[in-house]
Amino acid sequence: MAGTIAIKNGYVYDPLNEINGEIMDIFIKDGKVVTQLSAADMKDVKEIDAKGKTVMPGGVDSHSHVAGAKVNTGRMMRPEDHYKHYQKRTPLTHSGSGYTVPSVYLGGYEYSKMGYTTVFEAAVPPMEARHTHEEMRSTPMLDMGGYLVLGNNWFLMRYLKEGDVDKAAAYIAWMMKTHKTYGIKCVNPGGVENWGWGQNVSALDQANIHFEVTPEDMIKSLSELNEKLGIPMPVHLHANNLGHPGCWEITRDSLKIPKSVKAKPNTDVEWAETKRNAKRHESVYLTHCQFNAFGGTSWRDFESGVKGITDYVNSNDHVVMDSGCVPFGDATVMTGDGPAIHDLYMLTGHKWSNTDVECECGSGVLPFEYLKSNPIHSSQWAMGLEVLLYVKDAWKSIMTTDSPNGGPFTKYPQVIAWLMSNKAREDTFAECHKWAQDRTGLGGETREMTLNEIAILTRANPARTIGMSYRKGTLGVGADGDVAIYNIDPKKLEVNDYESIIRGFENAAYTIKAGEVVSQMGEIVAIPEKNTFYTDIATDADDEKRMLDDVKKWFKYYTLGFDRYPTPEKYLANPTPIQVNAEK
Amino acid sequence: MADVILKPIGNFDLTVEAEVVTPDNFAGKTADEIGKVLVWQGPAEYPLTDFFTVEGNGGSSAEDTTIIVDGEIPRVKRIGQQMTAGKVIIKGSAGMHVGSAMEGGEIIVEGDADSWVGMEMKGGSILIKGNTKDHLGCAYRGSWKGMTGGRITVEGDAVSQVGGGLSGGEIIINGNVKHFCGIRISSGLIVVKGNAFRTVGAEMTGGTIVVGGNIERFTPGFELVDIESDLKFNDIECPGEYNKFTGDYAIPQKGKGTLYVSCDNNECL
């Protein structure tokens with residue numbers, strides 16, 4: 001029976017149901033979690049003995065760069081990233097190559113081997129949506145979706161300048177449907193537009209060129225519009241001044257802007273059973289906090305500014321964030337923040353790429369290597385962990401490497417080991433530059449995370465944050481039958497032996513997607529169906545018509561015709577629209 | 001010392017990828033077993049005996065194993081790739097990638113070698129008695145980190161991109177080179193006894209380049225700091241008088257590399 005399976009006697013971690021390592025059986029029928037299977041079903045069901053193993057919902061990555069134009073630019077400009085890291089094809093799987101920016105197939109397989117079943121692309125420039133969907137369609141093993149980059153969009157900036165909120169709302173709704181994307185991404189609001197003129201913005205109240213909107217206007221308006229439209233996830237913010245010493249203050253101040261905005265996700269979906277409230281209450285989801293938490297005033301007096309942000313997050317409930325950890329080694333920096341990439345080029349002299357995406361946004365790519373011998377890189381390693389360890393309530397944070405910016409997602413097991421084991425951190429301190437110790441507070445932090453907290457950071461909370469917990473990130477009845485089973489016995493787990501944690505999370509004993517075993521101990525054993533999620537927002541028809549008149553008129557500024565602009569559904573693997581009810 | 005003798009017998013219509021031909025891989029194998037080792041040719045794998053006769057068993061370790069290729073193999077690539085010890089002697093000419101990413105041991109090519117000799121080499125030594133082509137001791141395409149250790153000696157000429165991205169080790173060319181010799185090097189030593197055409201040391205941030213002959217078009221971005229004579233780098237001697245330059249100042253990192261150019265052969269400088 002496809003999609004039906006019984007997982008017996010494992011130590012189950014399902015934080016949304018407050019199940020913390022209880023020995024339980026999990027039953028999945030026709031791809032969905034059920035209370036139990038009938039005797040008839042049990043007769044020929046596949047049964048997995050998970051005795052002595054850790055059972056979690058399938059991993060959910062809410063911020064990763066895995067598909068689209070800049071990811072592909074990263075592949076094209078880095079042959080050296082590919083020739084040493086490759087995989088032959090098998091009767092079931094495609095060949096693939098690439099370490100920090102793997103080919104689509106390899107990327108899908110490697111996520112699946114680690115127990116991940118859902119990954120959201122962090123930045124989809126509207127004009128590149130077709131390309132992004134083509135790559136997502138070809139990425140096996142994973143349910144996917146993408147966030148639309150809107151923080152420097154000409155149409156929106158113009159509506160905001162004119163104060164036409166209704167048209168702005170209609171525009172966002174139409175854009176989500178048109179490009180089959182899921183939520184709003186806001187990258188260096190105001191600044192990327194200025195980069196088109198060789199400038200950036202450096203303060204929240206600095207109006208940008210021509211449109212005269214400030215970053216504050218953008219963050220405030222986008223978060224209000226986000227909730228007015230009832231979008232499942234909060235505005236996803238990549239704050240201004242990223243990567244500059246002292247940027248932590250502008251980050252904290254950016255988080256203050258949507259404080260009074262009330263979260264109102266409003267979707268027509270059936271929710272899996274959960275004990276905790278699976279709906280988000282946050283109005284902003286800050287991404288890769290580490291890169292936005294630099295302290296000091298220059299590279300000489302550089303220090304961690306993480307505490308300034310985490311203190312704010314600890315005392316406020318409208319913020320959730322992901323970490324952007326730096327696990328050392330090769331990375332490829334890629335972002336919609338074009339000027340930030342130019343700064344890195346000036347710093348490193350490496351090859352780089354920069355693009356202006358017509359009337360919408362920008363982007364940049366640059367290869368990077370984080371060295372233990374480098375004072376700044378070592379501090380960044382410590383800061384990424386500070387972000388997660390300083391936030392007291394794990395439900396406010398998400399573990400990422402901003403893959404591949406801090407490092408590739410394949411380093412997640414290493415990051416988990418640092419979070420769970422003081423010894424792992426001490427051993428790395430001994431190997432890396434002393435600034436990690438001197439310029440950050442990580443050395444004084446003794447917290448060791450539990451498996452339950454890891455389950456929150458890597459599946460339950462990313463799913464909840466982006467509004468996918470109605471079917472992902474939980475094993476509640478009605479949820480998708482996505483399960484990761486790890487060779488980790490919580491009763492025998494010795495965190496000082498952190499290599500065992502890395503081994504355990506590197507290759508899941510079983511990755512199960514919709515009730516089917518898809519990978520087993522690092523080997524792909526089945527290629528499942530996949531879904532692509534996007535939001536279908538119902539808005540006022542008149543507003544939409546008035547807005548479309550503008551868009552068509554302004555489309556003369558684009559290099560492509562209006563009819564070529566939308567991404568048709570055929571570009572998506574199993575298109576799965578989520579009905580969203582906008583405020584009337 | 002055990003000698004394994006490979007005699008080419010043909011069938012090289014498509015080039016053969018022979019990265020398995022290393023002392024490390026042949027050690028502990030009999031001649032028969034060595035003959036069954038698979039090599040790629042185009043899209044398929046074939047046993048070594050399709051291309052070579054094999055004589056002699058491998059030694060007990062890589063160190064004890066010498067591979068002698070008795071003939072011309074310009075269409076066989078990657079001999080000695082990643083080898084860590086032992087010896088490879090190619091009595092004729094060799095194909096591309098001889099000693100790529102080599103870590104130790106010794107390779108001698110008695111004829112010419114094609115491009116990519118000692119690409120990203122880490123240690124050991126390579127001697128090319130004839131000429132070679134491009135990318136000697138260079139970084140792979142797209143990378144900045146070329147050879148990090150060991151020594152490559154070429155008795156004849158090399159062409160372009162010699163030692164690109166060099167970050168350790170030594171390259172000695174007795175003949176001439178063409179373009180981009182020592183581009184983007186950060187450490188290590190390149191000695192060219194003959195002439196270079198242009199862009200010597202472009203974007204270098206460290207390391208040392210010596211050109212004993214003439215540079216047809218000198219790279220802008222270098223500053224003359226001194227004149228030195230009879231240079232000596234351990235056992236490598238460069239007699240004569242040299243202009244000492246530092247650079248390359250044309251890049252934001254402001255290079256700290258050193259470029260010596262023969263005074264006699266570059267009177268225009």
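Colleague: Which element gives the largest share of the lining of the second largest pocket?
Modeller: This is a predicted model, in which local features need pLDDT of at least 70, side-chain atom pairs count only at pLDDT 80 or more, and totals for chains, interfaces and linings use all residues. Residues are numbered from 1 along each chain as its sequence is written, chains are lettered from A and ligands numbered from 1 in the order written, and side-chain values use heavy atoms, without hydrogens and water. A pocket is an open set of points on a 1 Å grid over the protein atoms alone, with protein on both sides within 12 Å along at least five of seven lines, and lining residues have an atom within 4 Å of a point. Three residues of this lining, the largest share, come from one strand (a DSSP E run of at least two residues, numbered from the N terminus): β3 (residues 38-41) of chain B.

Colleague: Which residues lie nearest the centre of that pocket?
Modeller: The second largest pocket holds about 670 Å³ of space, and its lining has nine nonpolar, five polar and eight charged residues. Domain 1 (1-88) and domain 2 (115-269) of chain B each give at least three lining residues. Of the 22 lining residues, those nearest the centre are A:Y83, A:Y86, B:E19, B:R78 and B:Q81.

Colleague: How much area is buried between chain B and chain A?
Modeller: Eleven residues of chain B are in contact (heavy atoms within 4.5 Å) with 13 residues of chain A. On the chain B side, B:Y140, B:W144 and B:Q253 lose the most area to chain A, together 45% of what that side buries. Carbon and sulfur atoms give 58% of the buried area (accessible area, 1.4 Å probe, lost on being put together and summed over both parts). The total is about 920 Å².

Colleague: Nice! Which residue of chain B forms a salt bridge with A:K84?
Modeller: The count between the two chains is one salt bridge (a side-chain nitrogen of Lys or Arg within 4 Å of a carboxyl oxygen of Asp or Glu). With the closest N and O atoms 3.3 Å apart, the partner of A:K84 is B:E120.

Colleague: And what is the volume of the largest cavity?
Modeller: A cavity is a set of points where a 1.4 Å probe fits but cannot get out, and there are five of 30 Å³ or more. The largest cavity is lined by 17 residues, with A:H65, A:V66, A:P102, A:G107 and A:F409 nearest its centre. α3(A) gives the most to this lining, with four residues. The volume of the largest cavity is about 100 Å³.

Terms used: Grid points are joined across faces, edges and corners, and a volume is the space filled by probe spheres set on the points. Ala, Val, Leu, Ile, Met, Phe, Trp, Tyr, Cys and Pro count as nonpolar, Asp, Glu, Lys and Arg as charged, and the others, Gly among them, as polar. Domain bounds come from an automatic or database domain assignment. Buried area is the accessible area (1.4 Å probe) that two parts lose on being put together, summed over both.
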